[in-house]
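Hi,

Here's the structure I said I'd pass on to you. Have a scroll through it first, then read my notes underneath.

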Amino acid sequence: MSARQYTDQLQKLDTPFYFYDMQLLADTLAKAVAEAGKYGYKVHYALKANFDPRIVAAIRKAGLGVDCVSGNEVRLAIESGCLASEIVFAGVAKSDKEIRYALGQDIFSFNCESLQELEVINALAAETGRTARIALRINPDVDPRTHKHISTGQADSKFGISYTEINEAIRSLNRLPNIRIVGIHFHIGSQITDMEVFGNFCVKVNKIQQWFVEQGIELKHLNLGGGLGVGYNDPDGKPIPDFAGYFGIVNRTLETKPGQTVHFELGRSLVAQSGELVTRVLYTKQNAAGRQIALVDAGMTDLIRPALYQAHHKIESLTGQGPLQPYMVAGPVCESSDVFAKEALLPEVKRGDLLTIRTAGAYGSAMASRYNLRDLPRSVYSDEL
Ligand code: LLP
């Protein structure tokens, strides 16, 4: 159920806040687990998408593993009751302190992003006589056909070990006794909706895996990262992403060896649709260009995606009625990029109206900041109303 079903209750609350549809979240997680389960795939939730405590509790309840990108994320996952044996730690530049902490927790595996990181993890593991399980994060040079700021797997990127360095990485493993390679890891980008991209990616993974086989290295795990996109334009159309199509194309294209497990690190597709940013209209006015403007109490500090990536989030009025007309919907922050939409189609907007910015459950509250010394957005959950 979207925020619309709860308008009466929401109208009484202080704004802005994130509204979470806990039933849709549970249904989405159940569907992802069921579709992945058909092939024995293991899904790790990319905690960076949303670390709200109720969301993390739902993730744990659904039996997902966790993908962390900082020591604090590893700590949060553990303190929330997630199993260390199901935590993968990615992160392009892990500090010594973060590595030591994760080693102490005996996490499932470190996704290593450079030759130097292999040496560092080996040395830090040796300090306490441990052997760290690692996966090499390989940059496969695949075009994800998504926004350039969220593309991570192309040749000219800061992520991963370049495929030209694989042999050197393999050679170095022989002289690093405190790390043990258990797999290879990839992540090509985010908000990918073209299933063919995942097919092409799997073909690349097959080739890279062959390379390891030829070197006599057995890979127990293949980790394909995340990236499955969601429908921002039509949040009510198909609120649950096409997990069947996604895992299906991987199953048809990826060549796995007997006993090998396949892992995923999904963030957006698990939580985006369940969240909305609810905001109140403070002022309306028209500018000299004749544009109608609705100034709202949420800003880029609450949801930075439109300012940062020109991302589109559908905006709806929860309280207004009548024919739709275009409005610029803008926030209170002293930045001209603090605009949620230049031309949102809304019924006549008045001071005090409630608007909802849809599909904001992923990379929304998690990326909030206190710029302008604003408050961080609160959370409201459907099952607590
Ligand atoms: N694994 C790794 C190594 C990642 O870097 C990411 C996302 C994921 C998994 C999860 O990807 P997902 O399933 O959510 O696409 N803030 C941006 C998205 C940044 C994604 C960063 N990495 C946005 O708001 O669009």
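Below is what I found, starting with the domains and ending with the ligand.

One thing to keep in mind: this is a predicted model.

The protein chain splits into two parts, domain 1 (23-271) and domain 2 (273-384). If you take the C-alpha centres of domain 1 and domain 2, they sit 32 Å apart. The two domains do touch, though: 21 residues of domain 1 are in contact with 17 residues of domain 2.

So what does domain 1 use on the side that touches domain 2? Helix 2 (22-37) and helix 10 each put in at least two residues there. Helix 2 gives the largest share of that side, with four residues. By type, the residues on this side of domain 1 are ten nonpolar, seven polar and four charged.

Now for the ligand. Where does it lie relative to domain 1 and domain 2? It lies between them, because both domain 1 and domain 2 give residues to the shell around the ligand.

There are 21 residues around the ligand, and the ones that come nearest are Ala46, Ser190, Gly226, Gly267 and Tyr363. Three elements give two or more residues to that shell: strand 10 (261-266), helix 10 (268-271) and helix 11 (305-309). You've met helix 10 already, as it also supplies at least two residues of the side of domain 1 that touches domain 2. As for the make-up of the shell, eight of its residues are nonpolar, nine are polar and four are charged.

A good place to start is to find helix 10 in the viewer and look around from there.

Cheers

Notes:
Residues are numbered from 1 along each chain as its sequence is written. This is a predicted model: local features need pLDDT of at least 70, side-chain atom pairs count only at pLDDT 80 or more; totals for chains, interfaces and linings use all residues. A residue is near a molecule or strand if its C-beta atom, placed from the backbone, lies within 6 Å of it. Ala, Val, Leu, Ile, Met, Phe, Trp, Tyr, Cys and Pro count as nonpolar, Asp, Glu, Lys and Arg as charged, and the others, Gly among them, as polar. Domain bounds come from an automatic or database domain assignment. Two residues are in contact if their C-beta atoms, placed from the backbone, lie within 7 Å.
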